[in-house]
Amino acid sequence: MNKAFPILGMLVLATSPMAVSAQDAPPGPEALAKIAEMMTEADLNGDGRTTRAELNQHRAQMFAKLDRNTDGVIDNRDSPRIPLAKRRFQPAFERATSIFDHNNDGRVTLDEWNRSDPDIFARLDRNEDGAVTRTELAALSTLK
Ligand SMILES: [Ca+2]
Ligand SMILES: [Ca+2]
Ligand SMILES: [Ca+2]
């Protein structure tokens, strides 16, 4: 029915440096950039610090927004049919899969979604004060 799915899946694989690695490998540079984007968005009160609570809240909102058919999985079936809505949906969808789709199957399950974040947060919060600052995000490209 929807022919975009295999194409998108290939695209995600082709652009993901981790495509050939084992499950749960550390994110590549592209995914890291998207993580930084997400962390900045998650700073809900705009004070330049993203707390775990803010990230959790933002993450729950994002999943709810992307899982449009509410089946607990973000995948191509959630893509809107209206072109304008689809254009808005697609970047967020691609970002979600590049960060959270650990097994590179083009779908993000709630399990995948919830699994990765504590690790991401802990790695970003370098001084372990419970918040990720812009300075800490700027150091992201050197994350190992
Ligand atoms: Ca869904
Ligand atoms: Ca997946
Ligand atoms: Ca910190």
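Here are some notes on the fold, one helix and the three calcium sites of this predicted model.

1. Overall layout. The protein has six helices and four strands. Starting at the N terminus, the order of elements is α-α-β-α-β-α-β-α-β-α. Of the 144 residues, 40% are buried. If you look at contacts between residues at least 6 apart in sequence, 52% of them join residues at least 24 apart.

2. Helix H3. This one covers residues 52-66, so to speak a by-the-book case: 15 residues, with 21 Å between the first and last C-alpha, close to the 21 Å expected at 1.5 Å a residue. Which of its residues are buried? The list is Glu54, Leu55, His58, Arg59, Met62, Phe63 and Leu66. They sit on the same side of H3, because the arc they cover around the axis is only 160°. Ala53 and Ala64, on the other side of H3, are exposed.

3. Calcium ion (ligand 1). The protein donors here are Asp67 (OD), Asn69 (OD1), Asp71 (OD), Val73 (O) and Asp78, which is listed with two OD atoms; they lie 2.2 to 2.5 Å from the ion. Along the sequence, the donor residues follow the spacing D-x1-N-x1-D-x1-V-x4-D. The angles among the six donor atoms run from 53 to 166°, and the site is irregular. Two of the donor residues are worth a look for accessibility. Asn69 counts as partly exposed because its relative accessibility is 33%, whereas Val73, at 10%, counts as buried.

4. Ser79. Next in the tour is Ser79, found in the loop between strand S2 (73-74) and H4. Is Ser79 buried or exposed? Its relative accessibility is 10%, so Ser79 counts as buried. Its side chain makes a polar contact with the side chain of Lys86, at 2.9 Å. Setting aside neighbours within four places in sequence, the residues in contact with Ser79 are Arg68, Lys86, Phe89 and Gln90.

5. Calcium ion (ligand 2). Asp101 (OD), Asn103 (OD1), Asp105 (OD), Arg107 (O) and two OE atoms of Glu112 are the protein donors, 2.2 to 2.5 Å from the ion. The spacing of these residues in sequence reads D-x1-N-x1-D-x1-R-x4-E. This site is irregular too, with angles of 53 to 154° among its six donor atoms. Asp101 has a relative accessible area of 4%, so it is buried.

6. Asp105 in more detail. Where is Asp105 found? Asp105 is in the loop between helix H4 (83-100) and strand S3 (108-109). With a relative accessibility of 32%, Asp105 counts as partly exposed. Besides being one of the donors to the calcium ion (ligand 2), Asp105 has a polar side-chain atom 3.0 Å from the backbone nitrogen of Arg107. Arg107 is itself among the donors of that ion, through its O atom. There is also a link back in sequence: Asp105 and Asp75 are 30 residues apart along the chain, and their C-alpha atoms are 9.4 Å apart in space.

7. Calcium ion (ligand 3). Coordination comes from Asp125 (OD), Asn127 (OD1), Asp129 (OD), Ala131 (O) and two OE atoms of Glu136, at 2.2 to 2.5 Å. Asp125 lies in the loop between helix H5 (110-124) and strand S4 (131-133), and Glu136 in helix H6 (residues 134-138), so this pair ties together parts that are 11 residues apart in sequence. Written as a pattern, the donor residues are spaced D-x1-N-x1-D-x1-A-x4-E. Why is the arrangement around the calcium ion (ligand 3) irregular? It is irregular because the six donor atoms subtend angles of 52 to 158°. For octahedral geometry, opposite donors would have to be over 155 degrees apart and all others between 65 and 115.

8. Burial at the third site. Both ends of the Asp125 and Glu136 pair are buried or exposed to what degree? Asp125 counts as buried because its relative accessibility is 5%. Glu136 has a relative accessibility of 8%, so Glu136 counts as buried as well.

Methods. Residues numbered from 1 in each chain as written. Chains lettered and ligands numbered in written order. Predicted model: local features only at pLDDT ≥ 70, side-chain atom pairs only at ≥ 80, totals over all residues. Heavy atoms only, no water. Donors = N, O, S within 2.8 Å, 3.2 Å for Na, K, Ca; no water. Tetrahedral: all angles 85-135°; square planar, octahedral: opposite > 155°, others 65-115°. Helix = DSSP H or I, 4+ residues; strand = E, 2+ residues; numbered from the N terminus. Buried < 20%, exposed > 50% of the residue type's maximum accessible area, 1.4 Å probe, protein only. Expected span 1.5 Å × (residues − 1). Arc of directions from axis to C-beta. Polar contact = N/O pair within 3.5 Å; in protein donor to acceptor, adjacent residues only side chain to side chain. Contact = heavy atoms within 4.5 Å.
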